[in-house]
Amino acid sequence: MSKKGYLLLASGQLYEGTLRGAERSVMAELVFTTGMVGYLETITDPSYKGQIVIQTFPTIGNYGVIPEDFESARPGLSGYVVRELCDAPCNFRCQGKLEDYLREQGIPVLTGVDTRSLTRRIRSAGVMNAAILTEKPENLEEAVAQLKALPFHPSIQDVTCDALRPAGEKGLHHVVLWDFGAKANIQRELEKRGCRVTVVPASATAEQILALNPDGIMLSNGPGDPADNVGVISELRELCRHRIPTFGICLGHQLLALSQGATTVKLKYGHRGANQPAKDVKTGLSYMTSQNHGYAVDAATLPANASLRFVNGNDGTCEGVDYTDMPAFSVQFHPEAAGGPLDTRFLFDRFIAKMGGNKACR
């Protein structure tokens, strides 16, 4: 028997739907993603920590659960809102139904909601706090007031690895992957290019990273407000003094900019999905990229040693930076994205080239 569920927005609107997955209430920031494929990568992306995610594509779950496609061991999001949840997945790699997996992982799913209308509201008003509820609130005003007061501070400490994971013995280049909530495919892309990858937790210090004698440093994606990570920014600033080839992705891009004196701003509704255009201002080429972020580097605050390299084709915000006084660069989008376009995988080759590799580099 289906059970009613509710989505309450901090702006006061109440949506009714069917509650599936885990039957429990959650409160978090409400965001939307426009990806037409890759829902498994979305669900297991640690960058969605502390968020309720709306899928704009109407039917989700049609190819079931495929653990090989996960970006982390468990879901990052707090709740899930979809128009329709598929009950009969069909794929030769399928290992179960999405609803069963989300129930096991304690993630509530609200279905039967007009996600088009809901997304348009978020685009108009901006991201806001929301709650998936098992019962209709008796006092709507009181429930909304509680939502408005909810602090939103997801921490990279909640999604980073527990301890250092040493690299294997084979590989031309030794890369330290600083894990702020790293997607699994970042490491895979490095290993495909002959790298030995040592993963270190977010709490690692510059001294500890330098002691590993890396050929390069990869700064991963992750959740939350980049400016909250004061300790990491300080350690990264020290690391940059040693001029080790460095590549930052998403949160890593923002942290690198902050370490050099730039500032970040919160976007109205962020960029989330597999169809975000990014223009290379150096070559004039545009790429279709996969993105998941609610903050951006303020290009107007970039220091003298930073050169704007990519901009978003829709709103002109900073999407990438090259540094002129050190072998470092960063991008806001995800060149490793498995559930999105592959246009920008060449950025990994650029990183390899900075470590002395012999691959073509643009």
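**Strand 16 and its surroundings**

Me: Which residue in strand 17 does Phe310 stand opposite?

Reply: Phe310 stands opposite Gly320 in strand 17. Please keep in mind that this is a predicted model.

Me: Thanks! What makes strand 16 and strand 17 a pair?

Reply: Pairing needs at least two bridges between the strands. Here 5 bridges join strand 16 to strand 17, so the requirement is met. The two strands run antiparallel. One of the bridges links Val311 with Cys318 of strand 17. Together the two strands form a hairpin with 5 residues between them, and Gly316 in the turn has a positive phi of about 75°.

Me: And how do you know that strand 14 pairs with strand 16?

Reply: The same test applies, with at least two bridges needed. Strand 14, residues 264–280, is joined to strand 16 by 3 bridges, so these strands count as paired too. They also run antiparallel. Phe310 appears again here, as the bridge partner of Asp280.

Me: Why is Thr317 called buried?

Reply: The cut-off for buried is under 20% relative accessible area. Thr317 has 19% relative accessibility, so it counts as buried.

Me: Where does Thr317 lie, and what does it contact beyond its sequence neighbours?

Reply: Thr317 sits in the loop between strand 16 (306–312) and strand 17 (318–323). Leaving aside neighbours within four places in sequence, Thr317 is in contact with Leu267, His271, Ala296, Phe310, Val311 and Asn312.

Me: What makes the pairing of the Thr317 and Asp315 side chains a polar contact?

Reply: A polar contact calls for N or O atoms within 3.5 Å, one able to donate a hydrogen and the other to accept it. The side chains of Thr317 and Asp315 are joined at 2.7 Å, so the distance falls inside that limit.

Me: Why is strand 16 described as mostly covered?

Reply: Of its 7 residues, 5 are buried.

Me: Happy with that. What makes strand 11 and strand 15 edge strands?

Reply: The open sheet has 9 strands in the order 11-10-12-13-18-17-16-14-15, with mixed pairing. Strand 11 (195–200) and strand 15 (286–297) each have a single partner strand, so one side of each is left without a neighbour in the sheet. From one strand to the next, the twist averages 25°.

Me: Which strands does helix 7 touch as it packs on the sheet?

Reply: Helix 7, residues 230–240, touches strand 10 (173–178) and strand 12 (216–219). The direction of helix 7 makes about 155° with that of strand 10.

Notes. Residues numbered from 1 in each chain as written. Predicted model: local features only at pLDDT ≥ 70, side-chain atom pairs only at ≥ 80, totals over all residues. Heavy atoms only, no water. Helix = DSSP H or I, 4+ residues; strand = E, 2+ residues; numbered from the N terminus. Buried < 20%, exposed > 50% of the residue type's maximum accessible area, 1.4 Å probe, protein only. Contact = heavy atoms within 4.5 Å. Axes fitted to C-alpha atoms, helices over the stretch in contact; angles between N-to-C directions.
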